[in-house]
Amino acid sequence: MQGFSAGVEVGGASVYLSEIAPARHRGFFVAWQSSSLQLATMTAAGIGYLLNSVMMPDTIQAWGWRIPFFIGALIVPLLLVLRTTMRETDAFLAQRKHPEFSEIMRSMILNYRIIIVGALLISMTTVAFYLSEIYTPTFGRVVLHLSASDSLLTSFAVGLVALFAVPAMGALSDRIGRRPLLIAATILAMATSYPVLLWLVSNITFYHLVLTEIWFALLYAMYNGAAMVTLTEIMPARVRTVSLAFAFSVAVALFGGFTPMISTWLIHTTADKASPGYWLTFAALCGICATLMLPRSKNLASTDTAAQVGSSVPNFSD
């Protein structure tokens with residue numbers, strides 16, 4: 001359920017950034033949506049570290065865990081202000097007629113292939129994010145038997161690295177093209193995910209955990225910097241937000257959201273602490289398959305006409 005709700009927000013924010021961005025800097029602009037997630041990760045890790053420093057574990061289990069939830073809810077008034085004050089994009093205002101719900105559903109059904117490709121494309125980025133940032137505190141504390149503070153500090157370090165790496169990779173995708181980054185990140189992920197985790201579980205220290213998770217964060221940044229903007233560019237313009245949101249929601253719900261559970265299941269089933277690397281390898285395989293299925297021409301291979309597309313799509317073979 002969280003995956004579907006997150007997908008809607010990510011879809012709207014990414015499309016908004018894409019439509020206000022200069023054409024040559026679209027990757028850099030869109031990357032800031034994913035970069036902003038790192039501030040959330042760092043804030044959560046910082047609050048968790050602070051709670052573990054001032055409260056006993058029993059106190060946190062009894063009621064202290066509610067404090068982060070309360071702090072997180074404080075952002076709701078800001079969101080309401082943003083939604084009522086931000087102006088619509090020129091691309092949205094230029095549409096003479098906005099599609100009704102039935103038209104949106106019909107267009108999504110007609111374009112189901114590109115939505116499936118989009119969901120597969122996002123599978124790698126969402127698994128890498130959940131594995132390197134969301135699952136890290138549990139993995140470090142429960143599996144590696146490091147302290148909760150060490151695990152939370154690792155999450156903070158990973159978020160700090162990704163905060164700057166994602167926009168940098170988005171800018172790089174504007175210069176060299178989306179496809180080279182997508183292919184490079186997925187190949188590196190398939191080649192290194194399990195070996196790097198095997199190295200970690202054979203040398204369990206706080207510093208090895210930090211280095212391992214930072215490596216995964218860099219893979220995430222390399223892939224995400226190109227993947228999110230690609231998703232905004234391959235979706236039909238008239239239903240871009242809902243199509244992107246749906247594709248992202250499916251990917252998070254089926255891949256990213258299940259990463260902690262699947263990682264735990266793999267460890268218990270195989271008795272191999274490095275086995276979560278298999279899950280990231282599988283997600284990377286999905287990602288490279290989706291990349292190879294992306295349209296290579298400037299016109300989308302969808303049922304929408306070129307006039308309906310409304311904006312050019314970069315040549316992914318660049």
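How far is the sulfur of Cys289 from the closest cysteine sulfur, and in which residue does that sulfur lie? The partner is Cys286, at 6.7 Å, which is too far for a bond. Seen from the other side, Cys286 likewise has its closest cysteine sulfur in Cys289. With a disulfide taken as a pair of cysteine sulfur atoms within 2.5 Å, the count comes to zero. Cys286 counts as buried because its relative accessibility is 11%, while Cys289, at 37%, counts as partly exposed. Here buried means under 20% relative accessible area, exposed over 50%, and partly exposed in between (1.4 Å probe, protein chains only).

The model is predicted, so local features need pLDDT of at least 70 and side-chain atom pairs count only at pLDDT 80 or more, whereas totals for chains, interfaces and linings use all residues. Residues are numbered from 1 along each chain as its sequence is written, and side-chain values use heavy atoms, with hydrogens and water left out.

Turning to the interior, the largest nonpolar core (buried Ala, Val, Leu, Ile, Met, Phe, Trp, Tyr and Cys residues joined through side-chain atoms within 4.5 Å) holds 67 residues, of which Phe139, Leu144 and Met235 touch the most other members. Helix 12, residues 206-234, gives the most to this core, with 13 residues; helices (H or I, at least four residues) and strands (E, at least two) are DSSP runs, numbered from the N terminus. Beyond its neighbours within four places in sequence, Phe139 has contacts (heavy atoms within 4.5 Å) that include Leu144, Leu197, Leu200, Val201 and Ile267, as well as Glu213 and Lys273.

Helix 13, residues 240-256, is mostly covered, with twelve of its 17 residues buried. Among them are Arg240, Leu244, Phe248, Val252 and Phe255.
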